[in-house]
Amino acid sequence: MQFLFPAFLAALAVIAVPIIVHLFYFRRFKRVYFTNVRFLKEVKEETSNRQKLRNLLVLLMRCLAIAAMVLAFAQPFIPLSSGVKKGERAVSVFVDNSFSMNALSKDAPLLELAKQRARDIVGAYDVADRFQVLTNDFEGRDQRLVSQEDALNRIEEIRTSPASRELSKVLIRQQQCLNTGKQENKIAFLVSDFQSNIADVANFKDTLLQVNLVPMRAVQERNVSVDSVWFESPVQILNQPANLLVKLSNRSDEEAQEIRLSLRHDGQSKPVGAISIPARSSRLDTVSFNILHTGWHEAKLSLTDFPVQFDDDYYLSFYVAERINVLAINGLQPNKYLNNAFLGARYFQLDNADMRSLDYSKFSNYQLIVLHELPVISSGLANELKTFAQNGGNVLVFPSPSADLASYSAFLQGFNAGVLGGFEPVVRQASQINTEEFVFRDVFLNKSANLRLPVTQGNFKLAPARGEQILTYRDGSALLAKYVQGEGALYFSAAPLEEQTNDMVRNGEIFVPMLFKMAIAGAKGRQIAYTIGKDEVLEAKHQVSAAGETIYKLRKTVEESTPGKTPAASTAEEFIPEQRIFGSKVLLTPGTQVRDAGWYRLGLQGDSTLAAYAFNYDRKESDLTYKNEEVLSEGLLPNMKVLSQTAEANFSQIVGEQERGIVLWRWCVVFALLFLALEVLFLRLWKV
């Protein structure tokens, strides 16, 4: 047994006070006169012995009561370890408030149980100690030490958050705050479910900070999530079906049966089917819907799952343009077949330009740029086309029969496509078409049908084993090859486009779909969804309002439950993101201002919508795989321990015993009161 304040033991000298009182008070005699004491001799002797016994017991009770009170002030304890420290403490409590804490324990969500654990931890310490209450949000107000009362109030304010932090970073944050205090005793608590993807406690190497791990456990580790959604085609066309590919994941060890999926689009929700997912696996599903209007679209894919529901919805937004713009840069005259191919398609707009009078600043307005038999490609044009492709545009090149090989080779090398060989006036027949590549995928209903492939009267030699071949000659060389550059691509034809050299222009089943698919194959469009918590940068066209206002604002869209209505924007959640203007573009950085999943509309003033962005919660919390106590204990430093107790345990007492050992001062107070009560009983009830 040890004492927290051993100096108080000197007060045991006070025991001498009742002893002195006993000696000088109970030994005094009173003279009592009787007429005849001869008959009282026997009674007197018996009464004197009983009185002496009572007085000794009273003295003993007083001495024991004083001793018990002195011991209570000295605070005796039985240490459970040799590291018990004395003095004031700085205590940091981390409460994991990520979405995985919405899972259920026996009778409550894990977050509520974690908050109760945090209250027990704070209550186990003294009022004079200082506290930090930390969550995944890493708020600035939490990076300081506060009183016990303020810490308890902060715990009550904790709510679930989309943020999720590795526990090693949490410990560093706790260490930084604890070091701001003057207290020598620093203790950190981590109250979490210890998901496998964040529980990297072993990466924290500090051996001075005392760390206690408090694991929370859910009853069932079940969750089905919508992981990601993307369009099969990067560009959506008016009055055409759009195909969404949906990835669903089953995070449990049991098969998820008949998971119902629904789509909300244009203010209406409709079921799109049900799917079963084997245990610990993922499935892809396709959702089709029609595009009925141009402009911005907001959609949401949802499934029904319980209790973890933050990943049951996936929001997306996309823009449907009124037309796809194509630019043809001609060496001499425009190609009539090229013009006629786009003339019959109202959704496409073809502009012709002479190579000698180009406005490079307008390249960003086009999705496809066609180089039609340019005799030479200047270095400036080559650099602009490379930048255009890196930003998501596509470039299609038909070389001139008299092309300058040096300039073309320099252009190709910028796309990592090698060099261009000389022109060979040899008749060649294309023998194979790559129907797996996007340009010809899903174009032909019967892939095994005998297609009439192009025949060329001459062609240039493309570097072998470079890029992806789309049309191939019989000798294995490429007639049409694709070279990926950034988010876009270069499509290079080995044969010129003129009718005398290449009969592709008369082959409508090859030529027309090839042009259309190349025009919509680029990834130039803005991504359909963003992730909350990541450093996302939003891009939009820079505009100036009629009032000259240039302050962009993001407003969260409120979903209306009335069928048939388009969701209306609400100013209830509106903020100004960080914004930077670069020429015709504005870059927006919302940072931590976006906290809720949903649609956010960009505007300058009024209700006008310049762009719509969809934000979703990070799916990192979807995997409900936890580290149990045995795994957590492996590889821990000596200053770390796991406090694993049931939900019904008195956690305040457990923490107190861990910090101070088995505390005995309460028992000392109880015994002091008991001894005083016995003293009163002896004096009142023991008549002599």
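This report walks through some helices, strands, loops and backbone angles of a predicted model.

## Helix α12 and its two sides

Let's start with helix α12, which covers residues 665–685. With 21 residues at 1.5 Å each, α12 should span 30 Å, and its end C-alpha atoms do sit 30 Å apart, so expectation and model agree.

The buried residues of α12 are Cys668, Ala672, Phe675, Glu679 and Phe682. Look down the helix axis and these buried residues fall within an arc of 90°, so they line one face of α12. Flip to the other side of α12 and you get the exposed residues Arg666, Trp667, Leu673, Arg684 and Leu685.

## A nonpolar patch on the surface

Four residues, Phe5, Phe8, Met69 and Phe73, make up a nonpolar patch on the surface. Together they offer about 390 Å² of accessible area.

Met69 belongs to helix α2, residues 41–74. Its relative accessible area is 34%, and because exposed means over 50% and buried means under 20%, Met69 counts as partly exposed.

## The nine-stranded sheet

Next up is an open sheet of nine strands with mixed pairing. Reading across, the order is β15-β14-β16-β17-β24-β23-β22-β19-β20. The edges are β15 (348–354) and β20 (455–456), each of which pairs on one side only.

Inside that order, β17 (residues 394–398) and β24 (residues 488–493) run parallel and are joined by four bridges. If you want a residue pair to look up, Asn394 has Ala489 in β24 as its bridge partner.

## A hairpin: β29 and β30

For an antiparallel case, try β29 (residues 578–582) and β30 (residues 585–589), which are joined by five bridges. Gln579 stands opposite Leu588 in β30.

The hairpin has two residues between its strands, and Gly583 takes a positive phi near 65° there.

## Ser192 and a contact across the chain

Ser192 is part of strand β5, residues 185–192. Its relative accessibility is 0%, so Ser192 counts as buried.

Along the chain, Ser192 and Phe94 are 98 residues apart, yet their C-alpha atoms are separated by 8.0 Å.

## Backbone oddities in the loops

A bit of background first: most residues other than glycine have a negative phi, and most peptide bonds are trans. The next three spots go the other way.

Asn239 has a phi near 60°, a positive value in a residue other than glycine. You'll find Asn239 in the loop between β7 (224–231) and β8 (241–250). At 54% relative accessible area, Asn239 is exposed, because the cut-off for exposed is over 50%.

Glu373 also isn't a glycine, and its phi is positive at about 55°. This residue sits in the loop between β16 (368–372) and α7 (379–390). Glu373 has 14% relative accessibility, so it counts as buried.

Then there's the peptide bond from Phe306 to Pro307, which is cis with omega near 5°. Pro307 lies in the loop between β12 (295–303) and β13 (313–320).

Key. Residues are numbered from 1 along each chain as its sequence is written. This is a predicted model: local features need pLDDT of at least 70, side-chain atom pairs count only at pLDDT 80 or more; totals for chains, interfaces and linings use all residues. Side-chain values use heavy atoms; hydrogens and water are left out. The expected span of a helix is 1.5 Å times one less than its number of residues. Buried means under 20% relative accessible area, exposed over 50%, partly exposed in between (1.4 Å probe, protein chains only). The arc is that of the directions from the helix axis to the C-beta atoms. Patches are made of residues with over 30% relative accessible area and no salt bridge: like charges are joined within 9 Å, nonpolar side chains (Val, Leu, Ile, Met, Phe, Trp, Tyr) within 5 Å. Accessible areas come from the Shrake-Rupley method with a 1.4 Å probe; for residues, only the protein chains shown count as cover. A salt bridge is a side-chain nitrogen of Lys or Arg within 4 Å of a carboxyl oxygen of Asp or Glu. Two strands pair if DSSP finds at least two bridges between them.
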